[in-house]
Amino acid sequence: MTKNRLEAFSDGVLAIIITIMVLEFKTPQGSTWEDLKPLLPKFLSYALSFIYVGIYWNNHHHMLHTVKKVNGKILWANLHLLFWLSLIPFITGWIGENHLAKLPMMLYGVVLFMSGLAYSILQKIIIKSEGKNSILSKAIGNSYKEKISIFCYLTSIGFAYFFPIVSLAIYILVSFMWFIPDKRIERFLEEENKNN
C-alpha cells in the first residue's frame, strides 16, 4: 500500500480540524474594538491550538516523507493520532469560553499529552515496519524533544488544578520548542541524497 492515501486523508482531517476551530468564532453584534474584546480569550486559545495543529501537520508530513510503504498497523496508529487531534477544537472552544478554568486547562493538557503519545507510537510503529536502519530511525535518534514534551504535558496537567496560568505557560513553551520545524529528517534526507 502506498502512503499517498494516508497523507491525503490526514491532511484532510487536519484541515477540517482547523476549520472547525475557526467556526467557533461568532461575529460580534457591534462594529467597535470594544465589541471584539469578549472574543480575545477565544482568539488566543484558537491561535495556540492552530500552532499545535500546524506543528503536527508539519512534522507528520516530514515523518511520512520517510515511509516507503504503509501497513495496517501504521494506518491504525495514524487514526489514533488523528482521533486525539480531532478533540482539539472542542477543548479549544471550552478554554475560550471559560478563560483558563481549571478543568478545561487540565483536559487541554490531557489532549496534548495523548496527541504527543500517539505521535510517538506512530513513529515507533513506522520504525518497526521500516527497520532499525530506516531513514526515520536514523534521523530522529534519541527523540529528546518528544520526551521533554510529554513530560511537560504531564507537569502542566498537574499544575492546571492549582495554577492554570502555569499550565498555559508550559503549553506555550512546548509550542515554541516545536514551532521551528524539526530539521532532523530534512537534514538526514539531504545527506542521503548527496551520498546516492
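Reader: How much area does the chain expose, and what share of it do carbon and sulfur atoms supply?
Author: The exposed area of the chain is about 11200 Å², and 69% of it is supplied by carbon and sulfur atoms. Such areas come from the Shrake-Rupley method with a 1.4 Å probe, where for residues only the protein chains shown count as cover. Please keep in mind that this is a predicted model, in which local features need pLDDT of at least 70 and side-chain atom pairs count only at pLDDT 80 or more, while totals for chains, interfaces and linings use all residues. Residues are numbered from 1 along each chain as its sequence is written, and side-chain values use heavy atoms, leaving out hydrogens and water.

Reader: Which elements make up the chain, and what makes it as compact as a globular protein of that length?
Author: There are 10 helices and zero strands, both taken as DSSP runs numbered from the N terminus (H or I with at least four residues for helices, E with at least two for strands). From the N terminus on, the order is α-α-α-α-α-α-α-α-α-α. The radius of gyration is 18 Å, close to the 16 Å of the globule rule for 196 residues, so the chain is as compact as a globular protein of that length. That radius is taken over C-alpha atoms, and the rule is 2.2 Å times the number of residues to the power 0.38.

Reader: Why is S45 called buried?
Author: Buried means under 20% relative accessible area, exposed over 50%, and partly exposed in between (1.4 Å probe, protein chains only). S45 has 9% relative accessibility, so it counts as buried. This residue lies in helix α3, and beyond its neighbours within four places in sequence it is in contact (heavy atoms within 4.5 Å) with T92, I95 and G96.

Reader: How many aromatic pairs are there, and why is the pair of Y46 and F50 called tilted?
Author: The structure holds seven aromatic pairs. In the pair of Y46 and F50, the ring centres are 5.8 Å apart and the planes make 45 degrees, so the pair is tilted. The rule is that rings of Phe, Tyr and Trp (its six-membered ring) pair if their centres lie within 6.5 Å, with planes under 30 degrees apart counted as stacked, over 60 as edge-to-face and the rest as tilted. Y46 and F50 both lie in helix α3 (residues 40-65), four residues apart, about one turn of the helix. Y46 is buried at 14% relative accessibility, whereas F50 is partly exposed at 36%.

Reader: What makes the pair of Y56 and Y119 edge-to-face, and which parts does the pair tie together?
Author: The planes of Y56 and Y119 are 70 degrees apart and their centres 5.9 Å, so the pair counts as edge-to-face. Y56 is in helix α3 and Y119 in helix α6 (residues 102-130), so the pair ties together parts 63 residues apart in sequence. Both Y56 and Y119 are buried.

Reader: How do you know that K145 lies over the face of W178?
Author: A charge sits over a ring if NZ of Lys or CZ of Arg is within 6 Å of the ring centre and within 35 degrees of the ring normal. K145 is at 4.3 Å from the ring centre of W178 and lies over its face. K102 lies over the face of Y161, at 4.8 Å.

Reader: Why is H99 called partly exposed?
Author: The relative accessible area of H99 is 49%, so it is partly exposed. H99 is in the loop between α5 (88-98) and α6, and it has a positive phi of about 45 degrees although it is not a glycine.
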